[in-house]
Amino acid sequence: MVETMTVDGSAANSSACTAGGGKGAGVRDAGVRDAGCLCGGLSVDSVVAGLDVAALKAEIAALSRVDALVVARRSAVVAELARRDGDVAEQLRKSGNMSGRQARKAAKTAGGLARLPKTREALERGEIGAGQAEALASRMDKPEQARNVRDNEDALLEKAKCQDVDEFARTMRQEDIDGSPDGGNTHAQRQRQSR
């Protein structure tokens, strides 16, 4: 038996991690992973039609945590590859089966998370979702916004843990305005000009 960590952070015993998981394994085992396995026993061939509504909702929550783990892992790999080999967007587009836009976003997220270790760790632990992590990381290539995020990372992470992705996006837009040197006047001016 191998002691592994589940998506929600609790310990679980499992004999081994296999790529297919096994019939009926489903997402209930998706959180189980060990140091050498990222598959977590996730199986797409498990039957979902027989699950009750509560189990389906639990699987959606588990899949969200799996998504967060995938984004965290991909970001770590992309950041390391970028450090060693330069631009990775084209590699993501080709090997990662992503559109150019998705690849650029993944590369930008990876670069931002590399500069926000607390955010990356919260994502890895499943405390925040991929959307919240991306909202924080996407600001790291703009000097004023990056400084604001770094200075307020702890408080922003607490908000991210309590807010859904849409609500947190609104919070971050307001942070951008509040954190700008002119108190958002430039932002308001751009909005008026675009009308």
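1. A residue is termed buried when its relative accessible area is under 20%, exposed when it is over 50%, and partly exposed in between. G111 has a relative accessible area of 34%, so this glycine counts as partly exposed. The residue belongs to helix α3. Its C-alpha atom is 7.6 Å from that of S75, although 36 residues separate the two in sequence. The model under discussion is a predicted one, and the remarks below should be read accordingly.

2. Overall architecture. The protein chain contains two strands and nine helices. Along the sequence both strands come before the helices, in the order β-β-α-α-α-α-α-α-α-α-α. Of the 195 residues in the protein chain, 34% are buried. The accessible surface amounts to about 11900 Å², and carbon and sulfur atoms account for 50% of that area. When contacts between residues at least 6 apart in sequence are considered, 45% of them join residues at least 24 apart.

3. The largest nonpolar core. In soluble globular proteins, nonpolar side chains tend to be buried together. In the present model the largest nonpolar core comprises 21 residues, and L123, I128, L136, V149, F168 and M172 have the most contacts inside it. Two or more residues are contributed by each of α1, α4, α5, α6, α7 (153–162) and α8 (165–179). Helix α5 makes the greatest contribution to this core, namely five residues.

4. The surroundings of L123. Which residues does L123 contact, once its neighbours within four places in sequence are left aside? The partners are A68, V71, A72, L113, I128, G129, A130 and A133. Apart from the core to which L123 belongs, there is a second, separate core of eight residues, with V78, A89, L92 and A103 among them.

5. Helix α7. Four residues of α7 are buried: E153, L156, L157 and A160. These residues lie on the same side of α7, because the arc they cover around the axis is only 105 degrees. The elements covering the buried residues of this helix include α4, α5, α6 and α8.

6. Q132, a residue in contact with A160. Q132 is located in helix α5. Is this glutamine buried or exposed? With a relative accessibility of 7%, Q132 is buried, since the limit for that class is under 20%. A polar atom of the Q132 side chain lies 3.5 Å from the backbone oxygen of A160. Not counting residues up to four places away in sequence, Q132 touches A160, Q163, D164, V165 and F168. Of these partners, A160 is also listed among the buried residues of α7, and F168 is named among the residues with the most contacts inside the largest core.

7. Salt bridges within helices. The count of salt bridges comes to 13. One of them pairs R84 with E80, with 2.7 Å between the closest N and O atoms. Both residues lie in helix α1 (residues 53–85), four residues apart, which is about one turn of the helix. R84 is exposed, at a relative accessible area of 64%, whereas E80 is partly exposed, at 28%. Another salt bridge joins E124 and R120, whose closest N and O atoms are 3.5 Å apart. These two residues are likewise four residues apart, in helix α4 (residues 117–124), so about one helical turn separates them. E124 is partly exposed at 36% relative accessibility, and R120 is partly exposed with a relative accessible area of 24%. Salt bridges with shared partners also connect R125, E127, E158 and K161 in one network.

8. A salt bridge between distant parts of the chain. The side chains of D141 and K108 form a salt bridge, at 3.6 Å from N to O. This pair links parts that are distant along the chain: D141 is in the loop between α5 (130–137) and α6 (143–151), K108 is in helix α3 (residues 100–114), and the two are 33 residues apart. How accessible is D141? D141 is partly exposed, its relative accessible area being 48%. K108 is also partly exposed, with a relative accessibility of 34%.

Terms used
Residues are numbered from 1 along each chain as its sequence is written. This is a predicted model: local features need pLDDT of at least 70, side-chain atom pairs count only at pLDDT 80 or more; totals for chains, interfaces and linings use all residues. Side-chain values use heavy atoms; hydrogens and water are left out. Buried means under 20% relative accessible area, exposed over 50%, partly exposed in between (1.4 Å probe, protein chains only). Contact means heavy atoms within 4.5 Å. Accessible areas come from the Shrake-Rupley method with a 1.4 Å probe; for residues, only the protein chains shown count as cover. A salt bridge is a side-chain nitrogen of Lys or Arg within 4 Å of a carboxyl oxygen of Asp or Glu. A nonpolar core is a set of buried Ala, Val, Leu, Ile, Met, Phe, Trp, Tyr and Cys residues joined through side-chain atoms within 4.5 Å. A polar contact is a pair of N or O atoms within 3.5 Å; within protein, one must be able to donate a hydrogen and the other to accept it, and residues adjacent in sequence count only if both atoms are side-chain atoms. The arc is that of the directions from the helix axis to the C-beta atoms.
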